[in-house]
Amino acid sequence: MSAVLWLRRDLRLGDQPALHAAAAEGPVLPLFVLDPHLLGPSGAARTAFLYRSLRALDEQLDGRLVVRHGNPVDVVSQVVREAGAGSVHVSADFGPYGSARDLAVEAALPVPLVRTGSPYAVSPGRVVKGDGSPYQVFTPFYRAWAAHGWRDPQRPVDAEWQVLPSDPVPADPALPIGLVLPEAGEAAARRAWQRYRRSGLAQYPEVRDRPDLDQTSRMSVYLKWGAIHPRTMLADLRPGDEVFRKEIAWREFYAAVLDAWPASARDYFQPRMAAMQWARPDTAFEAWCEGRTGFPIVDAGMRQLLAEGWMHNRVRMIVASFLVKDLHIEWQHGARHFMKHLVDADLASNQHGWQWTAGTGTDASPYYRVFNPVTQGQRYDPDGDYVRRWVPELGDVPGGAVHEPWKLAAVPRGYPGPIVDHAAERLVALERYQQLR
DNA sequence: TTTTGAGTTGTTCGA
DNA sequence: GTCGAACAACTCAAA
């Protein structure tokens with residue numbers, strides 16, 4: 001009897017335990033459901049990258065990927081009937097929406113829904129403290145996670161494929177002019193990883209915080225849609241690659257935290273923080289979104305986000321700190337903007353990264369840690385190359401002077417003055433945070 | 001239950 | 001210019 005392989009955020013054929021499980025039952029029908037609930041809040045770059053990933057997968061399958069539009073509760077059952085399948089195989093989804101959706105699909109299906117594997121080396125819920133409760137602090141989680149271990153990458157499976165009519169993958173939405181997305185698909189992901197392993201990984205600890213050098217792996221977009229599995233990458237790491245391995249572990253930590261506390265996708269992990277005095281997201285929020293705050297490193301990051309669907313991680317922290325601690329706007333507004341525009345947007349990493357910066361999450365940054373956008377720019381973009389790349393109004397300002405345009409003899413035309421006084425707003429933030437203690 | 005050790009990513013101030 | 005202290009005690013994890 002045939003089996004449906006319902007793919008979601010695991011768009012690959014290699015190292016894919018759910019495919020092994022499906023292929024063991026007979027011919028496999030590979031299915032992807034375009035769920036309006038997921039596509040609705042997605043920006044053009046994210047949506048286009050998903051479509052391209054689907055086209056790449058379809059090509060790998062010689063045109064046999066079945067794409068359908070609609071609510072998975074209806075669509076998956078419908079496809080099971082059409083295919084005469086005896087089971088539906090998935091890689092488990094641990095997100096708040098995905099896990100609820102899977103329960104609903106499971107309840108509606110006339111056949112079993114079989115979960116094999118997940119997008120993580122160690123699935124959420126597997127690494128817990130001695131008393132069975134989930135970790136809230138990264139370092140002990142990391143030790144337990146590393147000790148727990150994970151299976152080796154799986155060999156490719158020689159599946160027999162079943163064919164069914166498919167909707168076409170929709171055309172890409174219109175992208176901002178000049179936006180170039182990374183190449184999508186499993187083969188591109190593996191090439192990117194091999195290239196990075198050979199030529200970038202060894203330098204990762206030294207250069208990872210330098211947005212001007214732009215030497216990070218950029219594997220997040222591939223991990224997001226499962227074009228490569230973290231286990232595949234972990235298997236290639238050597239003992240010296242500890243810093244990089246920790247970053248993969250952060251992704252797993254936050255997935256486990258979100259799984260244990262699903263409400264933390266929206267609510268303050270530390271509830272008392274909700275009582276803080278926050279500003280309404282009005283014109284200052286718009287200036288932040290569009291990269292018009294007058295703080296060069298912040299504006300460069302926000303413009304990179306819109307132009308590229310990606311932002312360097314160091315700069316994500318700087319712009320997040322600025323929104324929460326200089327503009328006093330709740331992290332959820334920033335998190336939503338990131339989720340819309342980041343091609344690599346992952347709910348768990350995104351929301352908890354924001355909560356960390358806001359000082360409201362698990363293992364959060366201390367409240368008195370307020371990033372100074374000038375100091376951060378000078379330290380991590382010392383020659384100003386990153387700022388000039390994204391803020392053309394400052395293109396003629398030489399070197400690190402670009403981080404303080406208000407100090408220049410001739411203030412660059414067309415570039416706004418700072419919308420707030422950082423030193424003053426820092427004190428306001430410290431005061432408000434302190435009131436909640 | 002109590003105790004002890006430890007905790008991603010900073011900044012500012014003053015000696 | 002450099003360096004250590006203060007920020008402020010708190011919560012978590014594990015023995």
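Here is a walk through this predicted model, from its domains to a few single residues.

Let us start with the overall layout. The domain assignment splits chain A into domain 1 (3-118), domain 2 (119-152 + 186-260) and domain 3 (271-435). Notice that domain 2 is written as two stretches of the chain, 119-152 and 186-260. Between the C-alpha centres of domain 1 and domain 3 there is a distance of 37 Å. These two domains touch, with seven residues from domain 1 and seven residues from domain 3 taking part in the contact. On the domain 1 side, the touching residues comprise three nonpolar, three polar and one charged.

Now look inside the protein. The largest nonpolar core holds 101 residues, and Val4, Leu5 and Leu31 have the most contacts inside it. Take Leu5 as an example: once neighbours within four places in sequence are set aside, Leu5 is in contact with Ala18, Leu19, Ala22, Val28, Leu29, Pro30, Leu31 and His89. Leu31, then, appears both among the core residues with the most contacts and among the partners of Leu5.

Next, find helix α3, which covers residues 44-60. This helix has 17 residues and spans 24 Å from its first C-alpha to its last, close to the 24 Å expected at 1.5 Å a residue. Which residues of α3 are buried? They are Ala45, Arg46, Ala48, Phe49, Leu50, Ser53, Leu54, Ala56, Leu57 and Asp58. When you look for a pattern in such a list, it helps to know that an α-helix has 3.6 residues a turn, so residues three or four places apart point the same way. The buried residues of α3 pack against the strands β2 (28-34) and β3 (66-69), and also against the helices α7 (186-199), α9 (220-225) and α15 (331-341).

Just after α3 comes Asp62, with a positive phi of about 55°. Why might you pause here? Most residues other than glycine have a negative phi. Asp62 sits in the loop between α3 and β3, and it counts as exposed because it has 9 C-beta neighbours inside 10 Å. Asp214 also has a positive phi of about 55° although it is not a glycine. You will find Asp214 in the loop between α8 (204-207) and α9. Asp214 is exposed too, with 12 other C-beta atoms within 10 Å.

One of the helices that α3 packs against, α7, contains Tyr196. Is Tyr196 buried, exposed or partly exposed? Tyr196 counts as partly exposed because 19 C-beta neighbours lie inside 10 Å, while a buried residue needs 20 or more. Not counting residues up to four places away in sequence, Tyr196 touches Leu201 and Ser217. Trp310 is 114 residues away from Tyr196 along the chain, and their C-alpha atoms are separated by 18 Å.

Finally, turn to the DNA. Around DNA strand B there are 16 residues, and Phe138, Thr139, Asp363, Arg369 and Asn372 come nearest. Helices α6 (138-148) and α17 (373-380) each supply at least two residues of this surface. By class, the surface near strand B has nine nonpolar, five polar and two charged residues. Around DNA strand C you can pick out Lys129, Gly130, Tyr135, Gln136, Val137, Pro140, Ala144, Pro366, Tyr368 and Gln434. The surface near strand C has six nonpolar, three polar and one charged residues.

Conventions: Residues numbered from 1 in each chain as written. Chains lettered and ligands numbered in written order. Predicted model: local features only at pLDDT ≥ 70, side-chain atom pairs only at ≥ 80, totals over all residues. Near = placed C-beta within 6 Å. Helix = DSSP H or I, 4+ residues; strand = E, 2+ residues; numbered from the N terminus. Nonpolar A, V, L, I, M, F, W, Y, C, P; charged D, E, K, R; others polar. Domains from an automatic or database assignment. Expected span 1.5 Å × (residues − 1). Core = buried A, V, L, I, M, F, W, Y, C linked by C-beta atoms within 7 Å.
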